[in-house]
Amino acid sequence: MEMEMDPAVYYDQFVYGIDDPDILDDTFYQNLFSVKCDPTTLSTILRRDIGRIEQITQSIFTHSVHTISSPTSSTEQCSNAIDTLRTLIQSTISGKRSYDSSAIITTLTSLSDVDTVLPTFVASLHNLISQPFHDEVSATKAVGLALCFVARAYHSSLISYFTHRNFLPPLLSYITSRPSSSPAAGARNAVLLVGLLAAYQKFESHNPYQTYLSQLSDKEQMMAVVETFGVMCREVRDDYVEVQDDGVGVGLVGWMGSWWGGAKPVERRQSKAKGIVDVEDAWGVLPGPEVAGLLAVYEFVQNSKVFCMNFIRAPPTTPSTESPFSLFLSLTSYLLSHQRRSPHAATSSRLTTLILRILLDDPGTASLLALQSTRVRLCRQRTPLPKLGGMAEERVVMGVVFDLCVQGLEWNLKKRLDVEGYVNLVGLVGRGVSVLKKGRTRIAYHWHHLWKSLFGLMKFMTARAEDLKDLTRIKTLAESLSKVIALALSSGETFLPSAKEYDDLFYQVIQSGHLLTQFSQTYNLTTYPPTTLLLAVHAHYLSLIESHQLRTGEHLDAEEVHKVIRDGYGGLEVKGGGEGLDVWERWREGEERVFLKGVGRGVVGDVIEIDERAH
């Protein structure tokens, strides 16, 4: 008698199969996989407190793997078997804790069969992903299943089965083909999978995906990945915009709406902040788990300079949209603006600054940042607003990078200062100025506000020295801050667009003489060459100003001080004291090992959240 075509009827047989394993034979599974999987019902049964449940889970896993690997399985059977496997893994390997290899093996197979079943499982996924045009639905589901398994088994040695087989070519081909079944989610999952595989234990042993990424050469595939990155960045950025629309034309109404807890709903995929009335609380749960895509961005940028050039140069998909790199910069702006609100935001924003540092450390990509123009939507959700470039105007990318640094510098000052984050931001300013200096590239920018932000940080560090003095690398931050200002002072004529901006920088140094003295004494920088240069410049002009006041008996106004600055250039020896200020420590990934391993752990949690929400 033929059984009913109701999956619940089949699932009930799992319970009886504990006492009578013969029930779960090949015919049973052939019939089971001919019925559409019901994840909710199956998950409920698998999560029940049933004795000897491993017998059932091993049986399901083994027969499901056989089905997806068998050339005689129909497309429908293969698709249903993939759904069953994903539900099995989600139900038995919880994302709430880490599992060692033996626990996962006991759940899915046995010690005697693991070296047969798991390689077949991985090979089957590789084969399905490699043939998206043959069966795009199964290819998309195979990508999701691979991501589901890798995320949950990430802290075990079982991921080696994925590193021993090169998934990069089929994943890139899949992203490029963009299956119509679920192009956005499918391509996103493929990118997330590449990021996790490339990061897996790369500091402990050789990871072949590092080599695979360094050998990228297919421009069409790289551009498809870049486009996917842009979609992911926009998705995370728009979560913030959904809480408060800070776009052009919002004006006072938008700010008042924020003040009273108003939010502008946007019809799209559900954000983590959806339904939260209070704006501050809504921002506090962001960014969403899709920010995990930044790990993949980092891995591609870290390993492939060719990819970096394509990332920066990639045009918008349509004239009315933002380019992928503009979307990355825009997301960075929102993350830096809100990084104080959660550890997740702080980690994500720091990762974006590391990506920018890698780009600035390479002469080729750094020069491109100094020459290429783009339009970028910068965050305007925090008050007081720093002076930022307009949303609609095209600007040199390096100027946008400086704007990001200004946002990070001004909006994250606190007693427990994020020293590493500030070291990165100040370093980005220094590297950006060095690039402009070496290329003698002058860009239009609101330089006054950049210098004001740097001196503002110096003032904060001086006033809060007791709170900050014991923080790790605070001395490094103090030295970098002095070095950046000294670099700008000694080489401003090479990158500042006019003498007016150069005079203004000197004016701010003269104004900050007392602060410079206190800062240098507080952080023991009195003999540090960049600091001595700044103090010497201040002393030089202070002497000229005092001499002028003695002659005239009057205090100088701002215009007269600027005249003294211009007249005093001749007797000032700055250039010689500024040698070597444009040399910055080269990027070495190993120095960020602890941080990047922490990023990997966080991404695993994000991916599991995405996986559970989608299935």
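1. A quick word on terms before we start: helices here are DSSP runs of H or I with at least four residues, numbered from the N terminus. With that in hand, Ser-64 can be placed in helix α4, which covers residues 53–69. Please keep in mind throughout that this is a predicted model.

2. Let us stay with Ser-64 for a moment. Is this residue buried or exposed? Ser-64 counts as buried because its relative accessibility is 0%, and the cut-off for buried is under 20%. A polar atom of the Ser-64 side chain lies 2.7 Å from the backbone oxygen of Ile-60. Leaving aside residues up to four places away in sequence, Ser-64 touches Phe-33, Ala-81, Thr-84 and Leu-85.

3. Now to the charged pairs. Side chains of opposite charge can pair when their charged atoms come close. How many salt bridges does a search of the whole structure find? The count is 25, and the points below pick out a few of them.

4. Glu-322 and Arg-237 form one such bridge, with 3.0 Å between the closest N and O atoms. Glu-322 sits in the loop between α17 (305–313) and α18 (324–337), while Arg-237 belongs to helix α13 (residues 219–243), so this pair ties together parts 85 residues apart in sequence. As for accessibility, Glu-322 is partly exposed at 24%, whereas Arg-237 is buried at 3%.

5. Glu-280 and Arg-341 are worth a look as well: their closest N and O atoms are 2.3 Å apart in a salt bridge. This pair also links distant parts of the chain, with Glu-280 in helix α15 (residues 279–284) and Arg-341 in the loop between α18 and α19 (343–361), 61 residues apart. Glu-280 is partly exposed, its relative accessible area being 43%. Arg-341 is partly exposed too, with a value of 26%.

6. What about Asp-403 and Arg-395? Their side chains meet in a salt bridge, 2.7 Å from N to O. Asp-403 is buried, with a relative accessible area of 0%. Arg-395 counts as buried as well, because its relative accessibility of 11% falls under the 20% cut-off.

7. One last item for your viewer session: which residues are linked in a network of salt bridges? Select Arg-86 and Arg-152 together with Asp-611 and Glu-612, as these four make up such a network.

Terms used
Residues numbered from 1 in each chain as written. Predicted model: local features only at pLDDT ≥ 70, side-chain atom pairs only at ≥ 80, totals over all residues. Heavy atoms only, no water. Helix = DSSP H or I, 4+ residues; strand = E, 2+ residues; numbered from the N terminus. Buried < 20%, exposed > 50% of the residue type's maximum accessible area, 1.4 Å probe, protein only. Polar contact = N/O pair within 3.5 Å; in protein donor to acceptor, adjacent residues only side chain to side chain. Contact = heavy atoms within 4.5 Å.
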